[in-house]
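Work through the exercises below with the sequence and coordinates open. Try each task before reading its solution.

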Amino acid sequence: MTIPTTEKPLHISCIPRGDAYALKVNISKNEIGIIYRVTAVLYVHGWNIEEAIAETSTDGYIQDIFIVRRLDDERMKEEHLNAIHKDLKELFYGGISVMNYLARHPEKTETLRMKLEETPEIFLFNSEISDSTVMDLRMRDRSGILFEISQILFLFGIDILSFKAVTDSGQVRDTFLLRLENGSKLDEVLHFQKLKNALLSVL
């Protein structure tokens, strides 16, 4: 399924991938917070994100690929894709903030900010052979977690290059590759503990 490009340069398509779906979001503007907005929309529409990766094509388009699965196991239909496209277009080009968007869906915000019973484990480290910071989180899974993590990263001015979740017996391990807006890795002194504290305040 594909939603064609209209007057604004936002294009999405979706193909089955096993019992999940690969959702591709192409957008012409490269700015921090793309995954933050997309996770908000997918959360509202009842889709769980198992993996995400951001790529830049040769023609300058930003392509984010999300492996998604419906929380109620319903298959992706054209009306689902149209609704996702409509909301994404509004968030990227309609001047609406993510918080105002969520305020329209109060029934969806009830699970947000629900503290986990077990304290998550958060690991941050820089490798000499990589130009990005790795963040590993291990915790109980619940709806809305990826959105809350991406919101904290957005507020810290941190870009998500890729994300992958592995779930086993209700436990999830999320691995992120992160970079600051200026393209550098996170500073171990300036950022690591502040980021951990902020994440623990909402998880």
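**Exercise 1. Describe how α4 and helix α5 pack, and which residues make the contact.**

Step 1. Take the axes. Those of α4 and helix α5 (residues 192-202) cross at roughly 145° and come within 10 Å. Axes here are lines fitted to C-alpha atoms, for helices over the stretch in contact, and angles run from 0 to 180 degrees between N-to-C directions. Helices (H or I, at least four residues) and strands (E, at least two) are DSSP runs, numbered from the N terminus.

Step 2. Assign the hand. α4 passes α5 in a right-handed crossing. A crossing is right-handed if the near helix is turned clockwise from the far one by less than a right angle, and left-handed if anticlockwise.

Step 3. List the contact, meaning heavy atoms within 4.5 Å. From α4 come Glu148, Ile149, Ile152 and Leu153; from α5 come Leu195, Ala198, Leu199 and Val202.

Step 4. Sort by type. The α4 and α5 contact residues divide into 7 nonpolar, no polar and 1 charged. Ala, Val, Leu, Ile, Met, Phe, Trp, Tyr, Cys and Pro count as nonpolar, Asp, Glu, Lys and Arg as charged, and the others, Gly among them, as polar.

A note on the input: the model is predicted, so local features need pLDDT of at least 70 and side-chain atom pairs count only at pLDDT 80 or more, while totals for chains, interfaces and linings use all residues. Residues are numbered from 1 along each chain as its sequence is written, and side-chain values use heavy atoms, with hydrogens and water left out.

**Exercise 2. Do the same for α1 and α4, and classify their relative direction.**

Step 1. Helix α1 (residues 34-44) packs on helix α4 (residues 145-155) at an angle of about 155°. Their axes lie 9 Å apart.

Step 2. Apply the classes: under 35 degrees is roughly parallel, over 145 roughly antiparallel, 65 to 115 roughly perpendicular, the rest oblique. α1 and α4 are therefore roughly antiparallel to each other.

Step 3. The crossing of α1 past α4 is left-handed. On the α1 side, Ile35, Tyr36, Thr39 and Ala40 make the contact; on the α4 side, Leu146, Phe147, Ser150, Gln151 and Phe154 do.

Step 4. The α1 and α4 contact residues comprise 6 nonpolar, 3 polar and no charged.

**Exercise 3. How many residues of α4 are buried, and what follows the helix?**

Step 1. Set the cut-offs. Buried means under 20% relative accessible area, exposed over 50%, partly exposed in between (1.4 Å probe, protein chains only).

Step 2. Count. In α4, 9 of its 11 residues are buried, so the helix is mostly covered. Among them are Ile145, Glu148 and Leu153.

Step 3. Move past the end. Gly157 follows α4 and has a positive phi, near 75°.

**Exercise 4. Analyse the salt bridges and the accessibility of their partners.**

Step 1. Side chains of opposite charge can pair when their charged atoms come close. The rule for a salt bridge is a side-chain nitrogen of Lys or Arg within 4 Å of a carboxyl oxygen of Asp or Glu. The count comes to 8.

Step 2. Take Arg70 and Asp72. Their closest N and O atoms are 3.0 Å apart. Arg70 is buried at 15% relative accessible area, whereas Asp72 is partly exposed at 48%.

Step 3. Take Lys77 and Glu74. The N to O distance in this salt bridge is 3.1 Å. Lys77 is partly exposed at 24%, and Glu74 is partly exposed at 27%.

Step 4. Join the pairs. Arg70, Asp72, Glu74 and Lys77 belong to a linked network of salt bridges.

Step 5. Take Arg173 and Asp136. Their closest N and O atoms are 2.6 Å apart. Arg173 sits in strand β9 (residues 171-180) and Asp136 in strand β7 (residues 133-140), so the salt bridge ties together parts 37 residues apart in sequence. Arg173 is partly exposed at 37%; Asp136 is buried at 5%.

**Exercise 5. Where does Leu91 sit, and what does Leu91 touch?**

Step 1. Leu91 lies in helix α2 (residues 78-93). Leu91 is buried, at 4% relative accessibility.

Step 2. Leave out residues up to four places away in sequence. Leu91 then touches Arg37, Val41, Ile96, Ser97, Val98 and Tyr101.

Step 3. Check one partner. Arg37 and Leu91 are 54 residues apart in sequence, with 6.9 Å from C-alpha to C-alpha.
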